[in-house]
Amino acid sequence: MKKIILLTSDGPQGHDLAKQLAILAHQQQFELTPIFGFTLTDFFSGFMKKRLQIIDISMDEDPLVYDKVHPIHTPNHLYVSRTHTPLNFRPMVIPIRHGEELINAFPEFGEKNSNDELSFWLDRKLPEFVHQRQSFVPIIGRFLDMKRISEERKNEIRKEGSIFLSYRSSENQSIATLASQIESKYGKRCRFFAPGVISHEAMSRMRRWNLLSLLDRYILSADQIWICLSEDYFYSWWTFGEFLMAVHRQTANAIGHKPLLKKYRNGALEEWQETEWPEITEAEHRRISRYFAFCDSFQMGPEAFISHEDIQNLKLKFAEGYYRDDVWKKDFWLNPIVECPVCRKRSGPYNKRPIEEFLWHGQQKEENPAQQGIVYRGNGIMEIDYAAMPSFLDQGITCRCGHTITLKKGPMQYLHVFLPPKSQVPFSAARELARKWEFPEASVIGNNLIAIQSFLINED
Ligand SMILES: [Zn+2]
């Protein structure tokens, strides 16, 4: 019998999960060993052994669980969670369809999973491990193996749906119907994202590129990208972003898989001629790559900020531009962006504006005469000072056109800041980052987690 280790919390939820998993593991010829209230040592010692580890990273019973894990993603690590994960601790796993529902190993931001859902997901996931060779590979080998793992992940996404549907959420009613029509007509599965909490979230630039980099992984893994062209398609930063990423993947100097770009309008499918694509300059391609390097859930490293000043002080001539980049600024990571719907209609669709307006890079910022603490990053696109958010929660955000948008607090978001302790001196990477960002003490959870308040836009 193959062995599985379950690392979970020592509470009713952890014990219930272990009970459910023991039954389904047994049915699939596995032997499950639970470790309740596990430690960082348990996590790493499982890593060194030839064992499949299921790691419960829910924060509901163990708020300090992120002090006990490190974002290592190998085929032998299955992370599951009832609570949403930090922005940079996103296991790249594929949801499984259950009737109309999609069930994943961890919930989307602001949502929750139950143990039943986790068991459902694991029950379908475990057979993949029956034939998998569980071999000992030294840690260094694992890291060298990242390319293969990333290929495997791409293939896994590909299996799930080879047509990526990009659409405006106003079309949501018909998108599920369209997907099933396409599936029966072409025999290909479709992938699309249903709108959730994130569609109301006032996101920082980092968070926007964090999500766009996730979408980009799906775009890159698809065979075809269908742009469902509704009247308002290009009025949204998001849908234009999906379209632009598809073009970026086609035209950037990268070799490898390039998905076909098609437009779907009024029930008809057309090829999208290259001559009709927007022209992305070399500098813009590089800008997109820089954003992805900093914001992608897999490689984002907020701990780099801790040594950022020290490196800057070295005054390395060749790195000067790099360290002055927007991505190193606190504003980029924290300040929410709010778009005024009135001005958005007036500014016209994104595909008729310079790409720079979409990238928000190197722009001249403009003060908002209506309210302090707000600068414009385009017509009606307001960047709000994170520190001033409490007062904006009371009075709302007033655009210079006179329109007011009101916000409320959303669920907490988390960043996992991990630096291995160098000495016996207790060290909290999260506390160090919070100090640099001038965050209140309450934002630090344990040694490795920093909590960021999210804000949701009230719908009119
Ligand atoms: Zn406005």
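**Close-up 1. An open sheet of five strands, taken from a predicted model, in which the strands follow the order β8-β7-β9-β10-β11 and the pairing is mixed.** The edges of this sheet are held by β8 (190-191) and β11 (268-271), and because each of them has a single partner strand, one side of each is left without a neighbour in the sheet. At the β11 end, four bridges join β10 and β11, which pair in the antiparallel sense, and within this pairing Tyr264 has Leu269 of β11 as its bridge partner. The model is a prediction, and the mean pLDDT of the protein chain is 85, with 89% of its residues reaching 70 or more.

**Close-up 2. The loop between β10 and β11, where Asn266 is placed.** Most residues other than glycine have a negative phi. Asn266, although it is not a glycine, has a positive phi of about 45°. Asn266 counts as exposed, because it has 6 C-beta neighbours inside 10 Å, and a residue is called exposed when that number is 12 or fewer.

**Close-up 3. Helix α9, which lies across β7, β9 and β10 and runs at about 140° to β7.** The helix comprises the 15 residues 237-251, which at 1.5 Å a residue should span 21 Å, and the distance of 20 Å between its end C-alpha atoms agrees with this. Its buried residues are Thr239, Phe240, Gly241, Glu242, Phe243, Leu244, Met245, Ala246, His248 and Arg249. The cover over these buried residues includes the strands β7 (163-166), β9 (224-228) and β10 (260-265), together with the helices α8 (205-221), α10 (282-295) and α15 (355-359).

**Close-up 4. The surroundings of Met206, a residue of helix α8.** Met206 counts as buried because it has 24 C-beta neighbours inside 10 Å, where 20 or more are needed. When residues up to four places away in sequence are left out, Met206 touches Cys295, Phe332 and Trp333. Of these contacts, the one with Trp333 joins residues that lie 127 places apart in sequence, while their C-alpha atoms are 5.0 Å apart in space.

**Close-up 5. Strand β15 (residues 381-384), a strand with both faces covered.** In a regular strand the side chains alternate between the two faces of the sheet. Ile381 and Glu383 are buried on one side of β15, and Met382 and Ile384 are buried on the other. Strand β12 (residues 337-339) pairs with β15 in the antiparallel sense over three bridges, and strand β14 (residues 374-376), which also runs antiparallel to β15, is joined to it by three bridges. Glu383 appears in both pairings, as the bridge partner of Ile337 and as the bridge partner of Val375. In the hairpin of β14 and β15, four residues stand between the strands, and Gly378 takes a positive phi near 140°.

**Close-up 6. An open sheet of three strands in the order β18-β20-β19, with antiparallel pairing.** The edge positions belong to β18 (407-416) and β19 (444-445), each of which has a single partner strand, so that one side of each is left without a neighbour in the sheet. The antiparallel pairing of β18 with strand β20 (residues 449-457) extends over eight bridges, and it includes the bridge between Met412 and its partner Gln453 in β20. Helix α17 (residues 429-436) lies across β19 and β20, and it runs at about 55° to β20.

**Close-up 7. The loop between α17 and β19, where Glu438 is placed.** Glu438 is not a glycine, yet it has a positive phi of about 55°. With 8 C-beta neighbours inside 10 Å, Glu438 counts as exposed.

**Close-up 8. Regions of contrasting confidence in the predicted model, with the lowest value in helix α5 and the highest in helix α1.** Helix α1 (residues 12-27) has a mean pLDDT of 96, whereas helix α5 (residues 139-144) has a mean of 50. Over residues 134-139 the pLDDT stays under 50, and for this stretch the model has nine contacts beyond four places in sequence.

Methods
Residues numbered from 1 in each chain as written. Predicted model: local features only at pLDDT ≥ 70, side-chain atom pairs only at ≥ 80, totals over all residues. Helix = DSSP H or I, 4+ residues; strand = E, 2+ residues; numbered from the N terminus. Expected span 1.5 Å × (residues − 1). Contact = placed C-beta atoms within 7 Å. Pairing = 2+ DSSP bridges. Axes fitted to C-alpha atoms, helices over the stretch in contact; angles between N-to-C directions. pLDDT = per-residue confidence, 0-100.
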